[in-house]
Amino acid sequence: MKEPIYRILVIEEDAALIKKIQQLLTLHHYDVYTSTTPEEGIYICRQYKPDLVVCGVRLRGGSGYHFLMELRNDSSLQHIPLIFISGKEGTEDMRMGMNLGADDFLSKPFKSKELLLSIKSRLTRFTIFNVQQREKKHTTIVSMPVIPPEVHHKLSKTEFRVMQMIAEGMSTKEIAQTLNISIKTVENHRHNISKKLNLTGHNSLIKYAIKHLTQQYKVLS
């Protein structure tokens with residue numbers, strides 16, 4: 001069976017880097033779109049609905065942060081996984097990107113294998129998520145808890161995912177391994193979630209997550 005062709009948008013201010021990434025991804029049978037500006041990147045997303053975006057923090061006429069915010073604010077695009085790439089090795093860009101809903105972060109220079117593994121990991125989870133969503137359409141809901149509005153309004157997509165994993169009983173290490181991020185990044189997410197939801201105390205986040213999220217997956221085929 002022929003493997004599905006995934007569409008990937010590469011948006012970056014450095015034309016030379018775009019060409020290298022495009023050649024790499026084309027070699028591995030990905031269908032690649034390219035852009036250097038946030039506006040054109042959003043247009044491509046709305047026109048062609050890529051399966052994943054590789055985005056530079058620095059773009060022409062704007063930034064990757066602005067692009068990501070517009071992507072996450074569009075209900076038809078907010079599900080698209082995004083990998084940030086940056087020239088900085090510090091944590092400031094990474095923390096900002098993750099807080100806005102990025103799915104992974106690579107610092108330049110990075111190896112081709114690192115990018116390919118990150119893309120494969122995000123696309124695999126994206127495919128599993130789509131299958132689960134289709135299956136849910138054929139199930140009868142037994143119990144659906146009321147999720148407070150602040151959980152969706154205040155948390156980024158990645159933070160909500162971390163909170164779901166906490167509700168499922170996963171440890172910080174297990175969450176880091178599942179999301180392919182560092183333990184420190186998971187700890188930052190936990191801290192930010194607690195702060196945004198005004199939770200205090202060592203176990204308050206765990207109790208909150210279990211109370212509001214665990215029952216939403218109790219379905220009957």
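Which residues line the largest cavity? In this predicted model, the lining of the largest cavity is made up of Met94, Arg95, Met98, Asn99, Thr185, Asn188 and His189.

## The largest cavity

The structure holds two cavities of 30 Å³ or more, and the largest of them encloses about 40 Å³ of space. Two helices, H4 (92-99) and H9 (183-196), each supply at least two residues of its lining, and H4 provides the largest share, with four residues. When the lining residues of the largest cavity are grouped by character, two are nonpolar, four are polar and one is charged.

## The second largest cavity

The second largest cavity holds about 30 Å³ of space, and its lining consists of Asp103, Thr158, Arg161, Leu179 and Ile181. Here the lining residues divide into two nonpolar, one polar and two charged. Asp103, one of the residues in this lining, also takes part in a salt bridge, with Arg72 as its partner.

## Salt bridges around Asp103 and Asp104

There are eight salt bridges in the structure. In the one between Asp103 and Arg72, the closest N and O atoms are 3.2 Å apart. Asp103 belongs to the loop between H4 and strand S7 (104-107), while Arg72 belongs to helix H3 (residues 64-73), so this pair ties together parts of the chain that are 31 residues apart in sequence. Asp103 has a relative accessibility of 5% and therefore counts as buried, and Arg72, with a relative accessible area of 11%, is buried as well.

A further salt bridge joins Arg122 to Asp104, with 3.4 Å between the closest N and O atoms. Because Arg122 lies in helix H5 (residues 112-136) and Asp104 in strand S7, this pair ties together parts that are 18 residues apart in sequence. Both Arg122 and Asp104 are buried.

## A link between H7 and H9, and a network

Glu159 and Lys196 form another salt bridge, in which the closest N and O atoms are 2.9 Å apart. This pair links distant parts of the chain, since Glu159 is in helix H7 (residues 157-167) and Lys196 is in helix H9, 37 residues apart. Is each partner buried or partly exposed? Glu159, at 0% relative accessibility, counts as buried, whereas Lys196, with a relative accessible area of 27%, is partly exposed.

Some salt bridges share partners, and in this way Arg72, Asp103, Lys157 and Arg161 are joined into one network. Two members of that network, Asp103 and Arg161, are also found in the lining of the second largest cavity.

Technical notes: Residues numbered from 1 in each chain as written. Predicted model: local features only at pLDDT ≥ 70, side-chain atom pairs only at ≥ 80, totals over all residues. Heavy atoms only, no water. 1 Å grid on protein atoms, 1.4 Å probe; cavity = no way out; pocket = protein on both sides within 12 Å on 5 of 7 lines; lining within 4 Å. Points joined across faces, edges and corners; volume = space filled by probe spheres on them. Nonpolar A, V, L, I, M, F, W, Y, C, P; charged D, E, K, R; others polar. Salt bridge = Lys/Arg side-chain N within 4 Å of Asp/Glu carboxyl O. Buried < 20%, exposed > 50% of the residue type's maximum accessible area, 1.4 Å probe, protein only.
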